[in-house]
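Trainee: Got a minute to go through this structure with me? I'd like to get my bearings before I plan anything.

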Amino acid sequence: MVNHSKSVQVLAYICGVILIPVYIFGPFALFYATYKSMGNPEMLVTVFIAVLSLALTYFGFKSLYLIIRFLKTLKVSFEFNAKGIVLNSSDCSNHYSWSDLESSKDYPSCQLFCLIDNKGNHLFSIWEYATNYLEFREVALEKIGI
C-alpha cells in the first residue's frame, strides 16, 4: 500500500502553510520590483528583473497548482499490483489498470508523481516520502514507462 504517514501529512501541511502564501504573493512583489526598477536609467536591469519575474511567476503558479492538488489527495491511499492500482478514499475504492494511467506525470522538481487517468482526471499525487514509494515507482516505470 502507498500512503502518506501522519508525520508526512503534518510536514506537507506545514510546507503548504509556508509555501502557498509565497507562491501567491511572491509574483506581486517581483512585479512591484520591476515597476520600481523602471525609473532606473539602466534599461538592462529592468529587462533582467522583468524576465526573472516572469520566470519565477511561472514556476510559482505551477508549484502552487501542484501543491494544492497534492494537499487535496493527501489522505487517500492506494494498493498496486501487476494489473493496476486500487485507489482507496474514505468513502469508496476504484480500480484502474496500468493502461488507464498512461497520462500520469512525474514532477521531479517538486518531488511529486501524479496519477492521472486517460480522461485527464487527477486521481492522486504521491510525494517521494510516501510509504512504499520506491517500489511503486519501479512498477510504474515498468508498466507505463514513467
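Mentor: Sure. One cut-off to begin with: buried means under 20% relative accessible area, exposed means over 50%, and partly exposed is in between. And keep in mind that this is a predicted model.

Trainee: OK, so by that cut-off, is D106 buried, partly exposed or exposed?

Mentor: D106 counts as partly exposed, because its relative accessibility is 34%.

Trainee: And what does the D106 side chain meet in a salt bridge?

Mentor: R137, with 3.5 Å from N to O. That pair ties together distant parts of the chain, as R137 sits in helix α3 (residues 133-144) and D106 in strand β4 (residues 105-107), 31 residues apart. R137 itself is buried, at 16% relative accessible area.

Trainee: How many salt bridges are there in the structure?

Mentor: Two. E142 and K143 form a salt bridge as well, their closest N and O atoms being 3.9 Å apart. E142 counts as exposed at 63% relative accessibility, while K143 is partly exposed at 35%.

Trainee: Switching to cysteines. How many disulfides does the count come to?

Mentor: Zero disulfides.

Trainee: Why no bond for C15?

Mentor: Because the closest cysteine sulfur, in C110, is 11 Å from the sulfur of C15, and that is too far for a bond. The cut-off for a disulfide is a pair of sulfur atoms within 2.5 Å. C15 is partly exposed, with a relative accessible area of 26%.

Trainee: And C92, how far is its sulfur from the closest cysteine sulfur?

Mentor: 19 Å, with C114 as the partner, so again too far for a bond. C92 is partly exposed too, at 35% relative accessible area.

Trainee: You mentioned C114. What stands opposite C114 in β6?

Mentor: S125 does. The strands there are β5 and β6, which run antiparallel and are joined by five bridges. Their hairpin has five residues between the strands, and G120 takes a positive phi near 90° in that hairpin.

Trainee: Is β6 enclosed or open?

Mentor: β6 is largely enclosed by the rest of the structure, because five of its six residues are buried.

Trainee: What about the loop before that hairpin? Where does Q111 sit?

Mentor: Q111 is in the loop between β4 and β5. It counts as partly exposed, at 27% relative accessibility. Setting aside residues up to four places away in sequence, Q111 touches I126, W127, E128 and Y129. For W127, the C-alpha atoms are 5.9 Å apart in space, although Q111 and W127 are 16 residues apart in sequence.

Trainee: Now the long-looking helix. How many residues does α2 have?

Mentor: 30 residues, and α2 reaches 43 Å from its first C-alpha to its last, close to the 44 Å expected at 1.5 Å a residue.

Trainee: Which residues of α2 are buried?

Mentor: Among them are T46, S53, T57, G60, I67, F70 and L71. The cover over the buried residues of α2 includes α1 (6-37), β4, β5 (112-116) and β6 (122-127).

Trainee: Tell me about G60. Buried or exposed?

Mentor: Buried, since its relative accessibility is 5%. G60 lies in α2, which covers residues 43-72. From G60 to W127 is 67 residues in sequence and 18 Å in space, C-alpha to C-alpha.

Trainee: Last topic, the nonpolar packing. Which residues of the largest core touch the most other members?

Mentor: F78, I85, L115, F124, I126 and F136, out of the 18 residues in that core. At least two residues of this core come from each of β2 (84-88), β5, β6 and α3. The most comes from α3, which gives four.

Trainee: What is F78 in contact with, leaving aside neighbours within four places in sequence?

Mentor: Quite a list: M1, V2, I85, V86, L87, N88, L115, F124, I126 and F136. There's also a second, separate core of 14 residues, which includes V8, I67, F70 and C114.

Trainee: So C114 turns up again there. And I67 and F70 were on the buried list for α2.

Mentor: Right. Go and find those residues in the viewer next.

How values were computed: Residues numbered from 1 in each chain as written. Predicted model: local features only at pLDDT ≥ 70, side-chain atom pairs only at ≥ 80, totals over all residues. Heavy atoms only, no water. Buried < 20%, exposed > 50% of the residue type's maximum accessible area, 1.4 Å probe, protein only. Salt bridge = Lys/Arg side-chain N within 4 Å of Asp/Glu carboxyl O. Expected span 1.5 Å × (residues − 1). Contact = heavy atoms within 4.5 Å. Core = buried A, V, L, I, M, F, W, Y, C linked by side-chain atoms within 4.5 Å. Pairing = 2+ DSSP bridges.
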